[in-house]
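Welcome! Below are a few short exercises, each with a solution that goes step by step. Take a look at the structure, then work through them at your own pace.

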There are 4 protein chains.
Amino acid sequence: MKAVRLHHYGEYPVVEEVAEPKITGPHDVIVRIGGSGVCRTDLHIIEGLLKDFSGITLPYTLGHENAGWVHEIGSAVSHVAIGDTVILHPQSTCGFCSECRAGNDMHCTSPAFPGFTIDGGMATFLKTTDRAVVKLDSSLAVPILSPGTKAVVIGAGGLGHIGIQCLKALTPTEIIVVERSPEALELARSWGADYTVLVDGTQVAKVKDITNGQGAQAVIDFVGEGGAIEDGVSMLRRAGSYYVIGYGGQLNVPTLNIIATEINFIGNFVGKYNDLVELMTLKAQGRVTLHTMPYPLDAANDAIHALDSGQLRGRAILIP
Amino acid sequence: MKAVRLHHYGEYPVVEEVAEPKITGPHDVIVRIGGSGVCRTDLHIIEGLLKDFSGITLPYTLGHENAGWVHEIGSAVSHVAIGDTVILHPQSTCGFCSECRAGNDMHCTSPAFPGFTIDGGMATFLKTTDRAVVKLDSSLAVPILSPGTKAVVIGAGGLGHIGIQCLKALTPTEIIVVERSPEALELARSWGADYTVLVDGTQVAKVKDITNGQGAQAVIDFVGEGGAIEDGVSMLRRAGSYYVIGYGGQLNVPTLNIIATEINFIGNFVGKYNDLVELMTLKAQGRVTLHTMPYPLDAANDAIHALDSGQLRGRAILIP
Amino acid sequence: MKAVRLHHYGEYPVVEEVAEPKITGPHDVIVRIGGSGVCRTDLHIIEGLLKDFSGITLPYTLGHENAGWVHEIGSAVSHVAIGDTVILHPQSTCGFCSECRAGNDMHCTSPAFPGFTIDGGMATFLKTTDRAVVKLDSSLAVPILSPGTKAVVIGAGGLGHIGIQCLKALTPTEIIVVERSPEALELARSWGADYTVLVDGTQVAKVKDITNGQGAQAVIDFVGEGGAIEDGVSMLRRAGSYYVIGYGGQLNVPTLNIIATEINFIGNFVGKYNDLVELMTLKAQGRVTLHTMPYPLDAANDAIHALDSGQLRGRAILIP
Amino acid sequence: MKAVRLHHYGEYPVVEEVAEPKITGPHDVIVRIGGSGVCRTDLHIIEGLLKDFSGITLPYTLGHENAGWVHEIGSAVSHVAIGDTVILHPQSTCGFCSECRAGNDMHCTSPAFPGFTIDGGMATFLKTTDRAVVKLDSSLAVPILSPGTKAVVIGAGGLGHIGIQCLKALTPTEIIVVERSPEALELARSWGADYTVLVDGTQVAKVKDITNGQGAQAVIDFVGEGGAIEDGVSMLRRAGSYYVIGYGGQLNVPTLNIIATEINFIGNFVGKYNDLVELMTLKAQGRVTLHTMPYPLDAANDAIHALDSGQLRGRAILIP
């Protein structure tokens with residue numbers, strides 16, 4: 001089968017032929033890929049930023065945002081059947097450790113993460129396990145924001161445009177979108193932004209102005225690098241919460257500021273399985289629309305380049 | 001009356017004569033001071049670190065940890081009477097803004113903070129308002145830590161020794177105390193520490209070892225400078241929480257680490273009025289014992305020097 | 001001034017002349033009434049159901065849902081000024097007990113409740129205190145209901161029609177409105193109901209059907225008598241929550257059912273001051289519209305009769 | 001093998017020979033029973049109270065509190081091995097429904113409950129599945145109770161004596177134990193009770209007295225029948241929480257009282273798998289001691305009789 005494989009950090013991946021995956025464990029599921037998203041994390045993988053976290057040996061297949069149809073199942077798989085249309089939670093988990101038992105999928109002590117720590121879905125087939133499979137008919141954990149509050153969303157790209165719609169669907173907060181692209185800001189209005197602020201050097205002042213000089217109760221940062229963090233911290237109100245989602249840069253705050261204003265920083269890694277199920281429910285209800293751009297698998301590097309150069313709106317999807 | 005007053009940043013304060021405070025508003029309360037604690041924040045005030053936060057003009061009277069007896073009250077004061085024994089919440093609040101109405105005293109929009117933004121309690125008398133006064137018979141907000149978890153306390157000094165006892169009283173977590181002074185570690189055992197770790201270069205490795213290589217669910221940092229932060233972040237488990245209480249240093253973490261492990265950073269500023277009431281209850285129940293060292297008001301600088309040089313155990317209290 | 005006063009339990013109140021209230025305490029506020037709502041609680045007061053709770057001696061003035069303009073203030077009142085347009089939280093509170101300090105206004109240990117325990121607002125003037133006054137520009141505490149959940153609202157009357165709109169504004173849950181009046185059900189659609197169910201003997205079966213046989217995650221009961229409770233409990237899903245708001249009837253459930261399905265019953269009394277502020281914010285944002293029916297003060301008993309006989313849509317407001 | 005089997009509701013069970021269970025599914029686990037507890041639920045099963053909930057056809061084997069050693073495992077079982085010492089969570093769950101994914105084991109949509117809906121552990125062997133098995137080295141979910149609060153525990157029997165110790169280990173609340181047996185009250189002191197109250201007709205008045213006339217913040221009712229509920233509701237403070245654990249009786253409260261005082265009723269069914277793990281941790285730490293009384297399997301009815309007649313202290317355990 002065809003697959004988009006990374007051979008060397010710092011170089012674009014290669015589309016090449018590899019062997020199809022085979023069932024080896026009782027909970028294995030092989031999925032025929034319908035589409036695989038291209039994410040900023042793929043850029044970070046390619047540049048080598050995640051090398052120490054993944055611990056994987058090159059070459060391997062990229063692709064951690066996957067959907068398709070169940071193609072083959074292991075002997076103990078009972079909740080999905082061959083032919084089912086499915087979206088995949090990025091991480092397959094054991095189901096038995098205390099974190100899994102508590103519903104904290106992302107903190108499983110024996111995880112596998114296709115496209116990151118094992119072969120991913122930018123290919124014809126992908127092997128995962130039954131606990132990672134969501135049958136299609138599904139929540140994004142968002143902060144509780146009461147009426148009269150304001151939330152800043154930094155970045156209206158592949159994840160940010162979903163986050164804006166989820167905030168609108170799940171909370172009565174007023175949403176301020178901060179973004180470098182005038183075109184993306186335009187779209188943000190249609191996704192539910194109450195205010196849009198262009199990153200032009202005056203963004204912090206403008207957010208302060210919109211929030212009567214006090215800052216926002218929450219900053220949801222889908223960028224996490226290149227000045228976004230410094231901006232975001234400056235946009236926080238007393239006792240406000242900073243949700244770190246995008247990454248790459250450095251959080252750098254005097255402890256004095258943290259205690260004097262009781263601001264909080266919250267790490268967010270993918271979200272739980274049930275969060276993905278709830279997001280699919282919002283999509284089915286028409287409250288969230290995914291803005292996507294299809295590319296054939298062979299054109300994987302075109303999609304990667306479009307994302308890297310800031311030309312992409314919404315999410316690029318590779319179709320095998 | 002006598003008062004300990006700061007005339008110049010970077011210089012020790014001076015004990016001198018000043019006029020007694022007078023009632024001017026309907027909710028004013030004048031307290032005859034029984035004792036005023038010396039806190040690391042006083043060192044930070046003296047060195048000028050808080051200059052921009054306080055906005056105060058020198059000279060003024062230090063002292064934000066105060067207790068004593070009600071001496072005089074304003075026309076609308078009804079819940080305390082002259083002669084009552086009281087401990088003072090550091091901040092006086094308006095009672096009417098949405099934060100006060102929600103119980104979040106520390107985020108009052110019209111606060112005054114004796115010893116920080118107005119004249120404090122290292123003196124014979126102090127003026128505050130009725131909402132800051134706790135009649136003596138009282139919780140420290142601590143993280144919820146379930147059985148089988150471990151929490152690291154960095155610093156077993158004036159606040160840390162209270163924090164250790166509160167953790168013991170309020171949670172079933174196992175407590176690891178990390179501290180530079182062998183003498184303070186010895187005392188920490190009697191306050192409820194399950195493990196003690198000397199800061200000698202091997203402290204991170206030792207905490208990792210105690211937590212089976214995984215780190216602790218919570219780090220409660222009463223130091224916040226001089227290497228404590230880097231240590232503390234390294235001691236955190238996946239999805240762990242870092243409570244910033246001590247300050248002076250810089251939090252400096254790659255956003256990648258924050259998202260990959262979903263660690264959180266929580267700012268803590270003083271605590272709520274009701275927290276102070278709960279702490280006084282624990283003290284009355286004998287579950288928390290304050291380890292104090294009395295100094296006459298005239299010897300204020302001896303106490304400040306003992307704290308600054310690391311010779312103090314527990315909390316120094318100035319007695320006018 | 002004119003006032004609507006109750007002289008005998010079991011008899012309609014009388015509109016008569018009484019003396020105007022006077023300022024006696026430093027935090028008193030006298031409000032010139034613009035309008036006073038007529039609530040099912042007024043019916044319960046008239047029938048004597050609340051006699052033992054209020055402890056008041058007849059006659060006295062009814063009216064606990066009040067709005068108007070500040071007419072006169074006590075010596076310590078600073079956050080409102082004469083002439084301000086205000087809505088009144090029903091209960092005036094002390095601001096100093098531990099419940100007030102924690103933001104739990106409704107559990108103040110020294111409360112006064114105009115129209116219930118002291119003279120109310122169906123009159124030209126009303127006396128309350130500054131902590132009960134909301135300046136007009138302001139959440140209804142609602143259960144957290146995630147995407148894919150369903151909530152049943154029983155009763156689309158004076159409170160219910162606000163509850164439906166708040167659920168729509170604050171949560172992504174799907175709303176099932178259960179109500180006796182076809183006309184009110186029609187309006188419920190415009191307030192945001194996703195499903196409407198007429199009380200005709202098949203209501204429980206219909207809700208079960210809408211929820212795939214499982215019942216709803218939450219039942220919010222604005223009726224609380226006459227079969228509504230039995231219906232509501234039958235409409236609950238495993239681990240569901242029953243919010244008791246309307247009252248008059250009896251909750252009567254075997255403990256076996258409570259433990260076997262882990263259902264919960266939550267008492268709700270008025271809501272906090274900040275909840276009222278948030279509700280006013282939703283109104284200002286256009287997300288909640290109050291459906292009201294004005295009556296002159298002299299026609300108080302017409303309004304009471306319309307409510308009692310089920311002819312009223314939304315809330316009747318008495319205008320002095 | 002030998003088993004304690006119920007043939008007719010209303011009659012004591014019979015100890016008789018039955019076939020040993022066999023592995024049929026990939027996640028099955030057969031446990032050689034070391035001991036099986038005798039619980040008031042067994043009495044309720046025998047008297048037929050749970051007939052409609054269990055839906056089981058007689059005869060079948062009782063016993064839902066089980067511990068022992070892994071004897072045989074299915075093809076997909078990987079987290080326990082033959083010979084492991086284990087305690088069993090009462091309910092075996094699917095691991096894939098949204099409730100299991102959220103950590104809410106007790107609300108699994110495809111559960112099996114040995115000793116209740118399938119054959120139980122009062123026998124030589126028991127069949128369950130791998131998700132119900134806790135390897136021995138483990139929390140009881142208890143209400144958050146801050147310093148200065150008081151909690152009433154009704155019933156110091158088989159579950160109650162564990163509850164008292166967990167409250168002591170997990171919270172700083174003061175514990176009031178209410179119980180019919182003077183001997184059990186004596187033991188309750190050693191388990192951590194701060195106050196003990198004999199059920200002699202004055203119990204409500206005594207609890208009111210201990211709580212300064214206000215009632216307790218929480219009532220944890222391990223009895224749930226025979227006057228305990230009426231007593232418990234009367235012992236609640238404003239905004240207090242009533243945890244229903246024991247059952248058999250009827251909750252019967254006017255909705256007026258629920259809303260006027262904002263009291264809450266919370267259903268509790270067994271607890272989560274992780275709760276059992278935490279409880280085993282507390283036991284391993286010596287903070288909770290189980291008070292047990294061993295009986296041979298053949299003497300099952302002696303144990304049942306001792307429980308039924310109120311002569312038992314702690315928990316009776318059947319040893320095959």
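**Exercise 1. Find how far apart the closest N and O atoms of the salt bridge between A:Arg5 and A:Asp119 are, and say which parts of chain A the pair ties together.**

Solution. Keep in mind that this is a predicted model.

Step 1: A:Arg5 and A:Asp119 form a salt bridge whose closest N and O atoms are 3.6 Å apart. The cut-off is 4 Å, so the pair qualifies.

Step 2: Now place the two residues. A:Arg5 sits in strand 1 (residues 2–6) of chain A, and A:Asp119 in the loop between helix 3 (98–101) and strand 7 (125–129) of chain A, so the salt bridge ties together parts that are 114 residues apart in sequence.

Step 3: Next, check accessibility. A:Arg5 has a relative accessible area of 12%, which is under 20%, so A:Arg5 is buried. A:Asp119, with a relative accessible area of 39%, is partly exposed.

Step 4: Finally, look for further partners. A network of salt bridges links A:Arg5, A:Glu16 and A:Asp119.

**Exercise 2. Describe the salt bridges of C:Asp200 with C:Lys206 and of D:Lys2 with D:Asp298.**

Solution.

Step 1: In chain C, the side chains of C:Asp200 and C:Lys206 meet at 3.5 Å, N to O. C:Asp200 is partly exposed at 43% relative accessibility, and C:Lys206 is also partly exposed, at 37%.

Step 2: In chain D, the closest N and O atoms of D:Lys2 and D:Asp298 are 2.8 Å apart. D:Lys2 is partly exposed, with a relative accessible area of 34%.

Step 3: For the wider picture, the structure holds 48 salt bridges over all chains.

**Exercise 3. Decide whether the rings of A:Tyr242 and A:Phe265 are stacked, edge-to-face or tilted, then examine B:Tyr242 and B:Phe265.**

Solution.

Step 1: Begin with the total, which is eight aromatic pairs over all chains.

Step 2: The ring centres of A:Tyr242 and A:Phe265 are 5.6 Å apart, with the planes at 40°. Stacked needs under 30 degrees and edge-to-face over 60, so this pair is tilted.

Step 3: A:Tyr242 belongs to strand 13 (residues 236–244) and A:Phe265 to strand 15 (residues 264–267) of chain A, 23 residues apart. Both A:Tyr242 and A:Phe265 are buried.

Step 4: In chain B, the rings of B:Tyr242 and B:Phe265 have centres 5.6 Å apart and planes at 40°, so that pair is tilted. B:Tyr242 is buried, with a relative accessible area of 1%, and B:Phe265 is buried at 0%.

**Exercise 4. Work out how many residues of chain C are in contact with chain A, and what the interface is made of.**

Solution.

Step 1: Count the contacts. 17 residues of chain C touch 16 residues of chain A.

Step 2: Turn to area. About 1,100 Å² is buried between chain C and chain A, with carbon and sulfur atoms giving 54%. C:Pro147, C:Pro172 and C:Arg287 supply 40% of the area that chain C buries against chain A, more than any other three residues.

Step 3: Look at the pairing. The rule finds zero salt bridges across this interface, while four residue pairs are in polar contact between chain C and chain A.

Step 4: Locate the contributors. On the side of chain C that touches chain A, helix 4 (160–170) and helix 9 (273–284) of chain C each supply at least two residues. The residues of that side divide into five nonpolar, eight polar and four charged.

Technical notes: Residues are numbered from 1 along each chain as its sequence is written. Chains are lettered from A and ligands numbered from 1 in the order in which they are written. This is a predicted model: local features need pLDDT of at least 70, side-chain atom pairs count only at pLDDT 80 or more; totals for chains, interfaces and linings use all residues. Side-chain values use heavy atoms; hydrogens and water are left out. Contact means heavy atoms within 4.5 Å. Buried area is the accessible area (1.4 Å probe) that two parts lose on being put together, summed over both. A polar contact is a pair of N or O atoms within 3.5 Å; within protein, one must be able to donate a hydrogen and the other to accept it, and residues adjacent in sequence count only if both atoms are side-chain atoms. Helices (H or I, at least four residues) and strands (E, at least two) are DSSP runs, numbered from the N terminus. Ala, Val, Leu, Ile, Met, Phe, Trp, Tyr, Cys and Pro count as nonpolar, Asp, Glu, Lys and Arg as charged, and the others, Gly among them, as polar. Rings of Phe, Tyr and Trp (its six-membered ring) pair if their centres lie within 6.5 Å; planes under 30 degrees apart count as stacked, over 60 as edge-to-face and the rest as tilted. Buried means under 20% relative accessible area, exposed over 50%, partly exposed in between (1.4 Å probe, protein chains only).
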